[in-house]
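Student: I am new to this structure. Please take a close look at its backbone, at the places where a turn or a loop has a special geometry.

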Amino acid sequence: MTAFTVDGGRRTDGTIRVQGAKNSVLPILAATLLIHNKSVIHNCPPLGDVDAALKILVKLGCVCVNDHQSVIVDATDVANYEIPKTLMHEMRSSVLFLGAIISRMGRAVITSPGGCELGPRPIDLHLSSLKQCGVNVREEEGTLFCSAPNGLHGATIKLPFPSVGATENIMIAVAVSKGTTVIYGAAKEPEISDLADFLNAAGAKISGAGSDTVIIEGVKSLHSTEHKVIPDRIVAATYLSAAAITGGRVCLKEARPEYYLSVLKVFEQMGCTLTGKGQELTLCAREPLRGVSTLVTRAYPGFPTDAGPLLVPVLCRAEGESRITETIFENRFRFVEQLRYFGADININGRTATVIGRPLLAATVDCTDLRGGTALVLAALAASGRSFIREVHHIKRGYYDLPGCLSALGCEVKEVEIDGSHTAEKEEITP
């Protein structure tokens, strides 16, 4: 069994480049299906979810070349329109291929997607939106059979809430279509704008991305293009959290701090000093950290739900009482049970976590999901002694070589093989 070992108590001090954004790469890879030629995607991190996306593309008939940080996708000979259940279950974002396959092949066959179990994330909104654009949907025993016998056409779509996935699926599906599609209530995340930039570079006509109204004028075809993916704002928040929880310092290169101002505001409230110039950002932590009375996750540009778990262990090391309320996913705090093995004092009431600052001790724990697992690593950085973090395949879905990156910042994190005898418990610490 693969695990991370973390020797806590070391301050971060160093510089690191922020990897490309997972949540940008995945919809962009799906969108390459629309191009009857080659696409080159730069700053594409080698992640578990990226590997899963490339497997789907190959199954559909693409030729993919993964050269570490750049990926070449040749979608010239796409001939398949079905994603096997095994590939759909590898990641939640596999549903983003639905609109692309229908647009390219006129039909698609998929099952429900997999990924982290954070609560219900129904794809009904994706399906109802695509239906307005000419897609017929039939479900049989958990399998969706979708078709657009007369092709895709423009529509006026009003989303009841700003769903990132639905916004992206619609944009991809109707980029090559007849007529104009207007999405009201669209998601505003930077990753939406990055997808629009890729599609527009290939010849699409999309305007308004990054606002709540996105307009897509359908075109006949797209052409080859190259695109550099934006940096990952949640990964940036992770390294900032590592510096804050250890009372250290970190300098981020290619940081694009304008993408996560709501996160930076919280670090400032905790007493951290932030300085930046251009795409560079430096955080210096001051001890002790101050607690945050009320923190609420919201749709962009509010505090991101993916950053919520990263702040929970940091607040465990802050003075006084802090509260964080999750408004997006009902099971977002399922990792807290594991965090308590470090001695964390956290009470969950509905979707609100109340955190009391106190010292942390080393523990052996199991990751429950991507961001929750990363929260356990952060807690271990500040805990006295050696911790073991198991089930790290969750973390590898979104982070490239997290042990190596944290070690480059002065922490002591290694990936090791363990025999499974380490149960979830506090480790015995020798004075």
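Tutor: What follows goes through a hairpin, a loop with positive phi values, and the cis peptide bonds. The model is predicted, and residues are numbered from 1 along each chain.

Take the hairpin to begin with. Strand β7, residues 136–140, and strand β8, residues 143–147, run antiparallel and are joined by five bridges. One residue pair to look for is E139 with L144, its bridge partner in β8. Two residues lie between the strands of this hairpin, and E141 in the turn has a positive phi of about 50 degrees.

Positive phi values also come up in the loop between β14 (249–253) and α9 (261–269), where E254 is placed. E254 is not a glycine, yet its phi is positive, near 50 degrees. Its relative accessible area is 25%, so E254 is partly exposed. R256 is found in the loop between β14 and α9 as well. For R256, also not a glycine, phi is positive at about 45 degrees. With a relative accessibility of 22%, R256 counts as partly exposed; the cut-off for buried is under 20%.

The cis peptide bonds come next. E287 and P288 are joined by a cis bond with an omega of about -5 degrees. P288 sits in the loop that lies between β16 (280–284) and β17 (289–290). Another cis peptide bond runs from Y300 to P301, and its omega is near 15 degrees. The loop holding P301 is between β18 (295–296) and α10 (308–316).

Conventions: Predicted model: local features only at pLDDT ≥ 70, side-chain atom pairs only at ≥ 80, totals over all residues. Heavy atoms only, no water. Pairing = 2+ DSSP bridges. Helix = DSSP H or I, 4+ residues; strand = E, 2+ residues; numbered from the N terminus. Buried < 20%, exposed > 50% of the residue type's maximum accessible area, 1.4 Å probe, protein only.
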